[in-house]
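Biologist: Please pick one part of this model and take a close look at it with me. I would like to hear what surrounds it, and then how a few other places in the chain are built.

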Amino acid sequence: MKVAIVGASGAVGQEFLRVLDEQNFPLDDLALFGSKRSAGSTYQFRGKDYVVKELLHNDDFKDVDIAFTSAGAGTSKEFVETITKYGAIMIDNSSAFRMEDDIPLVVPEVNGDDALNAPRRVIANPNCTTIQMVVALKAINDLSTIKRVHVATYQAASGAGAVGMNELSNQYREISEGKEPTVEKFAYQLVNNVIPHIDVFMDNGYTKEEMKMYFETKKIMHAPKLDVSATCVRVPVMRAHSESIWVETERAIEVAEATEAFRNAKGIVVIDNPANKEYPMPLFVAGQDPVCVGRIRKDLTNECGLNFWVVGDQIKKGAALNAVQIALYMIEKNYNFKK
């Protein structure tokens, strides 16, 4: 099996290399692609050096079985035909195709079988905040259908890629040196601040990030009538997103039942012992694979309401790991990549 990574020099591209190795992904050959600027860079994978090629409209994908793409929506749209024309499955990390009817939007723990029906040979990786939320929602929805979801996110600088992480790091350094912090990627200084603004504002007052959670959750969970409302906030954390989630289910679910469901769910680790100050935090979840759930409690205003706190690594489960897990799921189901 030959695998390609498009956007290999970016934060997610680099994470793809680490995750493919950690997951013992069964590949025989690897090809790395990037912009003209990053072409010529060399990265090591399993003891062998690989040189980044410039992404061009040519036949470089002729022998590729799976292409993991993380180079932005514009690049994905421009190169989708080049990447897939010889039969490669493109697992795309951008927002380019997520809401197209004939392209599956997949989180393996929730709707893995959707990946097996990809008529355009493209599978979309959801938004990072959506991924970790629906992994947790699935455990509750299996107990009783969720009617309504409210979520507030606390999103790390990593959500804005390497540029965002560098800006946060530089701001800490500049402030410690008594300098005015440089603000370029974020709307305002992120150090000592939280910014209730991720992506552009829409006509309804919500941001594009918040509307991604609205639309993507419905599609992944096959629940067009599910009510979803989100507030997305950038916080001065380097890596791993946190979410405060409230759900209303059709029947009342007790805390013990919900906790047991989370413990038994694939991809979830429960950290919930308030008496010992044990709960998920980015400090400890960064770099980890699972979605961590804690602070599980009944809502005080609604008998059918539950509150819980979810933390996940945005670059791992929120991006590279989920995409690799999609491919592994397809391999497990004996998907014919050569067809």
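**A histidine in a loop, and its surroundings**

Modeller: Leaving out residues up to four places away in sequence, His197 touches Ala187, Thr207 and Cys232. Please keep in mind that this is a predicted model. His197 sits in the loop that runs between helix 5 (161-176) and helix 6 (208-220). Is His197 buried or exposed, or something in between? Its relative accessibility is 30%, so His197 counts as partly exposed: buried would require under 20%, and exposed over 50%.

The side chain of His197 also has a polar partner: one of its polar atoms lies 2.8 Å from the backbone oxygen of Asp199. For a longer view across the chain, take Gly294, which is 97 residues away from His197 along the sequence; the two C-alpha atoms are separated by 25 Å.

Asp199 deserves a stop of its own. It is found in the loop between helix 5 and helix 6, and at 32% relative accessibility Asp199 counts as partly exposed. What stands out in its backbone is phi, which is positive at about 75 degrees although Asp199 is not a glycine. Most residues other than glycine have a negative phi. So the backbone oxygen that lies 2.8 Å from the side chain of His197 belongs to a residue with a positive phi, as both the contact and the angle are there to see.

Where else does a non-glycine residue have a positive phi? Arg46 is one case, with phi near 50 degrees. Arg46 lies in the loop between strand 3 (42-45) and strand 4 (48-54). With a relative accessibility of 40%, Arg46 counts as partly exposed.

Let us go back to helix 5, which comes before the loop of His197. Leu168 lies in this helix. Because its relative accessibility is 1%, Leu168 counts as buried. Setting aside residues up to four places away, Leu168 touches Ala157, Leu190, Val191, Pro236, Val237 and Met238. The C-alpha atom of Leu168 is separated by 9.3 Å from that of Pro181, a residue 13 places away along the chain.

Two loop residues make a good counterpoint to His197, beginning with Asp313. Its place is in the loop between strand 13 (305-312) and helix 9 (316-332). Being in a loop does not leave Asp313 open here: it is buried, with a relative accessible area of 0%. Which residues does Asp313 touch, once those up to four places away are not counted? They are Arg239, Ala240, Val285, Ala286, Gly287, Gln288 and Gly318. The side chain of Asp313 reaches the backbone nitrogen of Ile315 at 2.9 Å, and it reaches the backbone nitrogen of Lys316 at 2.9 Å as well. Cys292 is 21 residues from Asp313 in sequence, and the C-alpha atoms of the pair are 9.5 Å apart in space.

Ser94 is the other loop residue, placed between strand 6 (89-92) and helix 3 (108-111). Ser94 is buried too, because its relative accessible area is 7%, under the 20% cut-off. A polar atom of its side chain lies 3.1 Å from the backbone nitrogen of Ala96. Neighbours within four places aside, Ser94 is in contact with Thr69, Gly72, Ala73, Ser76 and Asn125.

Finally, here is the frame that holds these places. The secondary structure of the protein chain comes to 9 helices and 13 strands. Its radius of gyration is 20 Å, close to the 20 Å that the globule rule gives for 339 residues, so the chain is as compact as a globular protein of that length. Along its principal axes, the C-alpha trace spans about 60 × 55 × 40 Å.

Of the 339 residues, 52% count as buried; Leu168, Asp313 and Ser94 are among them. Of the contacts between residues at least 6 apart in sequence, 67% join residues at least 24 apart. The protein chain exposes about 15200 Å², and carbon and sulfur atoms supply 48% of that area. As for charges, the chain has 38 positive and 45 negative ones, and their mean positions are 2 Å apart.

How values were computed:
Residues numbered from 1 in each chain as written. Predicted model: local features only at pLDDT ≥ 70, side-chain atom pairs only at ≥ 80, totals over all residues. Heavy atoms only, no water. Helix = DSSP H or I, 4+ residues; strand = E, 2+ residues; numbered from the N terminus. Buried < 20%, exposed > 50% of the residue type's maximum accessible area, 1.4 Å probe, protein only. Polar contact = N/O pair within 3.5 Å; in protein donor to acceptor, adjacent residues only side chain to side chain. Contact = heavy atoms within 4.5 Å. Rg over C-alpha atoms; globule rule 2.2 N^0.38 Å. Areas by Shrake-Rupley, 256 points an atom, 1.4 Å probe, with all protein chains shown as cover. Lys, Arg positive; Asp, Glu negative; His and termini not counted. Charge placed at Lys NZ, Arg CZ, Asp CG, Glu CD.
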